[in-house]
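Q: I'm new to this structure and would love a close look at one part of it. Could you walk me through a single sheet and its surroundings?

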Amino acid sequence: MVDLRKKGDFYSFSKVVLIALILLFFQAGIYAQDNFTVVLDAGHGGKDPGRPAKNYVEKDIALDIVLKLGDKLKSLDDVNVVYTREKDVFVDLKERGRIANDADADLFVSIHCNAFTNNAYGTETYVLGLHANKQNFEVAKHENSVIFLEDNYQEKYEGFDPNSPEAVIGMTLMQEEFLDQSLYLASNIQTNFREDLKRRDRGVKQAGFVVLHQTYMPSVLIETGFITNSNEGAYLNSKKGQDKVAGAIYDAIKTYKANLDANMVVEEAPIAAVTPSNVYPGVDFKVQISSGKRKLETKSYNFKGLKGVERGKIGGVYKYYYGNSSDYDQIVKLQKEARKAGFKSAFIVAFKGEERINVSEVINKSL
């Protein structure tokens with residue numbers, strides 16, 4: 001029994017209660033959340049009209065759909081909407097990414113229309129990745145060609161050539177940590193287009209879009225249909241069609257967010273400092289910044305400039321860690337560095353030798 005009349009015992013008892021409450025809240029996933037921020041990007045604009053078509057203008061249709069989608073999302077109390085443009089102005093691709101990153105967004109959704117020389121029709125949603133075929137590359141090449149309209153584009157994009165398939169391979173690596181989330185949202189969008197709107201489903205695809213590469217969050221680029229197809233162009237240019245398309249994307253984002261909320265488990269949340277010393281001999285704390293099935297070289301250019309990244313493998317998945325220290329305070333600082341670099345979901349893990357152990361158990365045993 002703790003004697004609460006003794007100041008020292010009372011202080012120790014208070015610490016135990018405090019850490020127990022902190023752990024309880026983290027394990028239950030009950031902690032303060034900022035609003036869920038969605039950045040909506042209307043493709044093209046201003047001096048860049050987008051895809052050429054006889055009767056319809058891509059930049060106008062994309063903006064109309066984005067504004068309708070934004071109005072629907074704003075009806076949700078816990079969703080914050082940010083636009084890359086709300087009128088007919090030119091915004092370069094790097095600036096669109098900067099807007100999303102500065103907003104610390106949870107999702108980036110870019111809206112476009114497709115075009116082709118024949119009577120092709122249907123919807124497709126892209127995530128950033130290697131070109132699976134020549135057709136995917138041609139779509140990405142057209143969307144990326146907008147950089148030629150930007151001032152100092154060669155300096156701004158460090159010599160990136162949108163006409164070169166090889167040029168996009170390196171840039172896709174940085175988005176790999178968000179690939180699963182991006183694919184999940186893209187799949188939801190295409191399902192809604194197919195099932196609810198009865199549109200032709202051209203599938204979820206991967207290609208090297210510069211605008212997606214600039215973002216540090218799950219991101220998709222939606223080709224809402226072909227404005228070169230007379231029927232589909234008329235549909236996309238109509239208020240009813242635009243509202244239907246916006247509604248399908250809205251429902252997909254709601255489903256994505258609901259799934260995220262339901263499964264929000266902080267695997268290893270930062271724990272408040274409660275021990276006299278935050279050095280734990282025999283324990284290696286690390287910051288996990290990314291994971292994926294692709295084996296990456298641990299060079300800084302693959303990890304947004306972070307140096308000293310380590311690679312491990314658990315099952316068939318590669319894990320990438322930043323930092324290694326038994327000093328918990330030091331690893332917390334490195335976690336902040338990783339998040340500042342763009343790894344928003346970076347979290348702390350702990351190892352004893354080769355065995356992965358629970359951070360909270362390390363803290364508890366020291367009490």
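A: Happy to help; what follows is a walk through one sheet, strand by strand, and then a brief stop at two loops.

A quick word before we start: this is a predicted model.

Let's begin with the overall layout. The sheet is open and has five strands, which come in the order β8-β9-β7-β10-β11, with antiparallel pairing. At its edges are β8 and β11, each of which pairs on one side only. From one strand to the next, the twist averages 45°.

Now look at β10, which spans residues 347–352. Is this strand enclosed or not? Five of its six residues are buried, so β10 is largely enclosed by the rest of the structure.

One partner of β10 is β7, made of residues 284–292, and the two pair in the antiparallel sense over five bridges. To find the place by eye, look for aspartate 284, which stands opposite phenylalanine 351 in β10.

β10 also pairs with β11 (residues 355–357), again in the antiparallel sense, over three bridges. Here lysine 352 has glutamate 355 of β11 as its bridge partner. β10 and β11 form a hairpin with two residues between the strands, and in this hairpin glycine 353 takes a positive phi near 70°.

Back at β7, you can step across to another neighbour. Strand β9 covers residues 317–325 and pairs with β7 in the antiparallel sense over six bridges. Valine 287 is a handy landmark, since this residue stands opposite tyrosine 322 in β9.

As you follow any of these strands, one general point is useful: in a regular strand, side chains alternate between the two faces of the sheet.

Next, add a helix to the picture. Helix α11, residues 328–341, lies across β7, β9 and β10. Its direction is at about 125° to that of β9.

Finally, the loops. Between β7 and β8 (309–314) runs a loop that holds lysine 304. This lysine is not a glycine, yet lysine 304 has a positive phi of about 55°. Is lysine 304 buried or exposed? Its relative accessible area is 14%, and buried means under 20%, so lysine 304 counts as buried.

Another lysine with a positive phi is lysine 198, where the value is near 60°. Lysine 198 sits in the loop between α7 (179–195) and β5 (201–207). With 65% relative accessibility, lysine 198 counts as exposed, whereas lysine 304 is buried.

Definitions and conventions
Residues are numbered from 1 along each chain as its sequence is written. This is a predicted model: local features need pLDDT of at least 70, side-chain atom pairs count only at pLDDT 80 or more; totals for chains, interfaces and linings use all residues. Side-chain values use heavy atoms; hydrogens and water are left out. Buried means under 20% relative accessible area, exposed over 50%, partly exposed in between (1.4 Å probe, protein chains only). Helices (H or I, at least four residues) and strands (E, at least two) are DSSP runs, numbered from the N terminus. Two strands pair if DSSP finds at least two bridges between them. Axes are lines fitted to C-alpha atoms, for helices over the stretch in contact, and angles run from 0 to 180 degrees between N-to-C directions. Contact means heavy atoms within 4.5 Å.
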